[in-house]
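Welcome! Let's take a friendly walk through a protein structure, one topic at a time. Have a look at the structure first, and then we will go through it together.

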Amino acid sequence: MTVVDAHHHVWDLSVRDQDWITGPELAPLRRDFTMKDLEPEARAAGVGRTVLVQTVIVPEETPEFLALADEHDLIAGVVGWTDLTRPDVAEELARLRELPGGRHLKGIRHQVQGEPDPEWLLRPDVRRGLGALADAGLVYDLVVLPHQLPACARAAADLPGLTFVLDHLGKPPIASGALEPWASGLRALAARPNTVAKLSGLVTEADLASWTVEDLRPYADVALEAFGPGRLMYGSDWPVCTLATSYGGTLDPVRRLTSEQDHEQILATTATRVYGL
């Protein structure tokens, strides 16, 4: 089986700063991570296609990523960024698709986790932008914290024509061992049929130095029960994952936390279908 990695990043600090990389815990990430670094590790892990996801809120990054996808066969899709509140968002999405590599644009993401308003997704200007994504046949990646999950569920209910992809299972508090209110929020989101989720970013929500697969299991079990394997996909979250494990080390927990009969869906077909790879 050719694995699809539905979530990774790249950055070159000489091109653009990653201003979210602050403090000693994130210090190992303060260097360049490029496709040249990623490709041998991905191929060694059996990954044949990837989805490259935005990292910073600047309009220049998405065109750069689309062009990068044209240069690297490994990148099958790009989740970029654009300002959903701009009045001409539909025209901007069309413009991005006309750029070199524009056919690789599969979705849009915004750092909702950094928005002080827990109901940012429900703002009229944001919802109008989300509607434009639906009209364009694109998906919307959700990078949120547990307290923002209720707004995600309401947005998904209000926009049944848009597929919402939850990154990192909504960042459950694995290091503390707590399940609620995260689990209730996840189940409410999963009750909407137009939602899917990524088994990604879990190792960095656990204790970076001492995490085990069993630490992750309660959270993976909730996700499997709520979404089912047909609405779950694997993502490495490279290079952020390197704070806790290697690129290949992100695949082993997903395989161990899920049944072998579900691996094809979680490791390949869900991402292929949802992102139209």
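Which residues of the largest nonpolar core touch the most other members? They are Leu121, Leu130, Leu133, Tyr140, Leu142, Phe164 and Leu232, in a core of 82 residues. Please keep in mind that this is a predicted model.

**The annotated domain**
- In its unreviewed entry, UniProt carries the annotation "domain: Amidohydrolase-related" for residues 4-277.
- Helix makes up 36% of this span and strand 14%, and its end C-alpha atoms are 10 Å apart.

**The nonpolar cores**
- Within the largest core, helix H7 (residues 213-227) is the element that gives the most, with 8 residues.
- Another core, of 13 residues, lies apart from the largest one, and its members include Val165, Val196, Ala271 and Val274.
- You can pick Leu121 to explore its surroundings: not counting residues up to four places away in sequence, Leu121 touches Val112, Val126, Arg127, Leu130, Tyr140, Leu142, Cys152 and Ala155.

**Two helices side by side**
- Helix H5 (residues 149-158) packs with helix H6 (residues 182-190) at an angle of about 5°, and their axes are 8 Å apart.
- Angles under 35 degrees count as roughly parallel, so H5 and H6 are roughly parallel to each other.
- On the H5 side, the contact is made by Leu149, Cys152, Ala153 and Ala156, while H6 brings Trp182, Gly185, Leu186, Ala188 and Leu189.
- Sorted by type, the residues of this H5 and H6 contact are 8 nonpolar and 1 polar, with no charged ones.

**Two residues to find yourself**
- Is Asp167 buried or exposed? Asp167 has a relative accessible area of 0%, so it is buried.
- Look for Asp167 in the loop between strand E6 (164-166) and H6.
- Leaving aside neighbours within four places in sequence, Asp167 is in contact with His7, Arg109, Asp141, Leu142, Val143, Lys198 and Ser200.
- Ala136 belongs to helix H4 (residues 124-136).
- Because its relative accessibility is 24%, Ala136 counts as partly exposed.
- With neighbours within four places in sequence left aside, Ala136 is in contact with Leu93 and Arg97.
- How many residues apart in sequence are Ala136 and Gln18? Ala136 and Gln18 are 118 residues apart in sequence, and C-alpha to C-alpha they are 29 Å apart in space.

Conventions
Residues numbered from 1 in each chain as written. Predicted model: local features only at pLDDT ≥ 70, side-chain atom pairs only at ≥ 80, totals over all residues. Heavy atoms only, no water. UniProt positions renumbered as here; feature names shortened; annotations may be inferred. Helix = DSSP H or I, 4+ residues; strand = E, 2+ residues; numbered from the N terminus. Core = buried A, V, L, I, M, F, W, Y, C linked by side-chain atoms within 4.5 Å. Buried < 20%, exposed > 50% of the residue type's maximum accessible area, 1.4 Å probe, protein only. Contact = heavy atoms within 4.5 Å. Axes fitted to C-alpha atoms, helices over the stretch in contact; angles between N-to-C directions. Parallel < 35°, antiparallel > 145°, perpendicular 65-115°, else oblique. Nonpolar A, V, L, I, M, F, W, Y, C, P; charged D, E, K, R; others polar.
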